[in-house]
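Me: I should like to understand the terms applied to the open and enclosed spaces of this protein. Please set each value against the definition behind it.

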Amino acid sequence: MKRKPWMQIGAALMLGLASSVWAQETTLRLVSSFAENGIYVQRLQPWIAKFNAEGKGVLQINFIGGPKAMPSFEVGNAVKTGVVDIALNTGAFYTNVMPEADFLKLTQITVAEQRKNGAFDAINRVWNEKGNMQYLGRMVESQPFHIYTNKKIDKPDLNGQKIRITPVYRDFFQALGANVITTPPGEVYTALERGVVDGYGWPIGGIFDLNWHEKTKFRVDPGFYDAEVSLIMNLPAYKRLSDAQRAFLNKQVLALEAENTFWVKFAADETARQAKAGIQTIAFDAATSKAFRDKAYEVGWAGAAKQSPEIAARFKPLFSK
Ligand code: 173
């Protein structure tokens with residue numbers, strides 16, 4: 001039988017209708033590199049609940065779990081290969097995917113400014129090409145890193161100290177003379193307890209989440225860099241979304257970033273809580289503090305330039321004040 005043109009149009013319409021019915025809802029699997037009871041996941045949970053409530057029929061998130069579900073340092077690769085769709089992660093945990101991931105600690109401007117000045121686009125060019133990922137958004141800012149130690153110092157000198165690190169701190173702490181040991185957060189408590197390390201690097205907030213305050217005597221001020229905790233997504237999974245799904249996802253991520261004002265107060269609250277818990281502050285005079293912070297960035301950018309000169313040069317003006 002010869003088909004009439006109107007029959008073909010009818011068939012096309014029905015196909016279109018069917019595909020719009022079938023494409024209606026997608027569920028994305030999300031894992032976290034950070035502990036489920038920690039502050040980052042605590043803040044992500046209500047966001048996921050709202051996402052799923054508003055995303056009915058469009059897009060849903062299925063939270064798989066934290067480091068018990070997948071080891072922290074394996075999450076980046078799982079996003080790259082599509083084993084999971086989305087991760088809450090920090091660049092230091094997926095330098096095995098691309099060394100540039102750790103450069104995000106060097107941003108000195110707000111996340112909103114990074115979106116405006118082209119930093120996000122520059123990041124995504126690299127994340128797309130080298131990581132097979134979309135850098136969706138950054139949910140933590142204004143959280144400088146600190147040295148926490150049980151061995152008192154009176155100047156910026158870590159000679160004779162064993163310090164737990166991730167790639168965030170490696171170059172800087174080694175420049176200060178430390179012996180460094182890389183571990184995921186989940187191993188810090190035991191390392192302190194057994195005396196495997198004298199101290200550790202961590203942001204100003206969150207040391208109570210895994211009870212490290214029980215094993216911590218001193219915090220060194222000032223802080224340096226800015227803790228980066230972000231949502232990253234498998235690039236093919238991102239591209240598979242319909243325009244409406246992608247728009248919904250981006251809207252939700254922007255809403256999450258709009259809540260980042262939380263972190264300034266959290267830093268102040270955590271500083272007070274540490275003092276109350278008996279953690280003493282080691283502070284340097286103004287000139288030494290400035291030299292300490294300047295050195296952190298100098299060493300950090302030098303390390304970046306050594307690992308990936310072209311991309312470090314591209315990022316530096318976009319990340320700096
Ligand atoms: O110390 C760490 O484990 C680390 O690199 C990090 C990065 C971002 C937020 C918290 C910790």
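Me: What volume does the second largest pocket have, and which residues lie nearest its centre?

Reply: In this predicted model, the second largest pocket has a volume of about 200 Å³. Its lining is made up of 13 residues, and those nearest the centre are Asp-102, Pro-167, Arg-170, Asp-171 and Gln-307.

Me: What is the volume of the largest pocket, and which residues are closest to its centre?

Reply: The largest pocket holds about 230 Å³ of space. It is lined by 16 residues, with Ala-35, Gly-66, Pro-67, Lys-68 and Gly-186 closest to the centre. By class, this lining has eight nonpolar, five polar and three charged residues. Domain 1 (5-143 + 227-264) and domain 2 (145-226 + 269-319) each supply at least three residues to the lining of the largest pocket.

Me: What makes a space a cavity rather than a pocket?

Reply: A 1.4 Å probe fits in a cavity but cannot get out, whereas a pocket is open. Three cavities of 30 Å³ or more are found in a search of the whole structure. The largest cavity contains about 110 Å³ of space. Among the 15 residues that line the largest cavity, Phe-34, Thr-90, Phe-145, Tyr-169 and Trp-202 are the closest to its centre. That lining divides into 11 nonpolar, two polar and two charged residues.

Me: Why is the largest cavity said to lie between domain 1 and domain 2?

Reply: Domain 1 (5-143 + 227-264) and domain 2 (145-226 + 269-319) both give residues to its lining, and therefore the largest cavity lies between them.

Me: Where does the second largest cavity lie, and why?

Reply: The second largest cavity has residues from both domain 1 and domain 2 in its lining, so it lies between them. Its volume is about 90 Å³. The lining includes Phe-34, Ala-35, Tyr-40, Pro-185, Trp-202 and Trp-212. Eight residues of this lining are nonpolar, two are polar and one is charged.

Me: In which cavity does the ligand sit, and what makes that wording apt?

Reply: The ligand sits in the largest cavity. The wording requires more than half of the atoms of a molecule to lie within 2 Å of the grid points of the cavity, and the ligand is assigned to the largest cavity on that basis.

Me: Which residues are closest to the ligand?

Reply: Of the 17 residues that surround the ligand, the closest are Arg-164, Thr-166, Tyr-169, Gly-201 and Trp-202.

Me: How do you know that the ligand has polar contacts with Thr-166, Tyr-169 and Gly-201?

Reply: A polar contact is a pair of N or O atoms within 3.5 Å. An oxygen atom of the ligand is 2.8 Å from a side-chain N or O atom of Thr-166, and for the side chain of Tyr-169 the distance is 2.5 Å. At Gly-201, a polar backbone atom is 3.5 Å from an oxygen atom of the ligand. Taken alone, the ligand exposes 300 Å², and the protein buries 100% of that.

Note on methods. Residues numbered from 1 in each chain as written. Predicted model: local features only at pLDDT ≥ 70, side-chain atom pairs only at ≥ 80, totals over all residues. Heavy atoms only, no water. 1 Å grid on protein atoms, 1.4 Å probe; cavity = no way out; pocket = protein on both sides within 12 Å on 5 of 7 lines; lining within 4 Å. Points joined across faces, edges and corners; volume = space filled by probe spheres on them. Nonpolar A, V, L, I, M, F, W, Y, C, P; charged D, E, K, R; others polar. Domains from an automatic or database assignment. Near = heavy atom within 4 Å. Polar contact = N/O pair within 3.5 Å; in protein donor to acceptor, adjacent residues only side chain to side chain. Areas by Shrake-Rupley, 256 points an atom, 1.4 Å probe, with all protein chains shown as cover.
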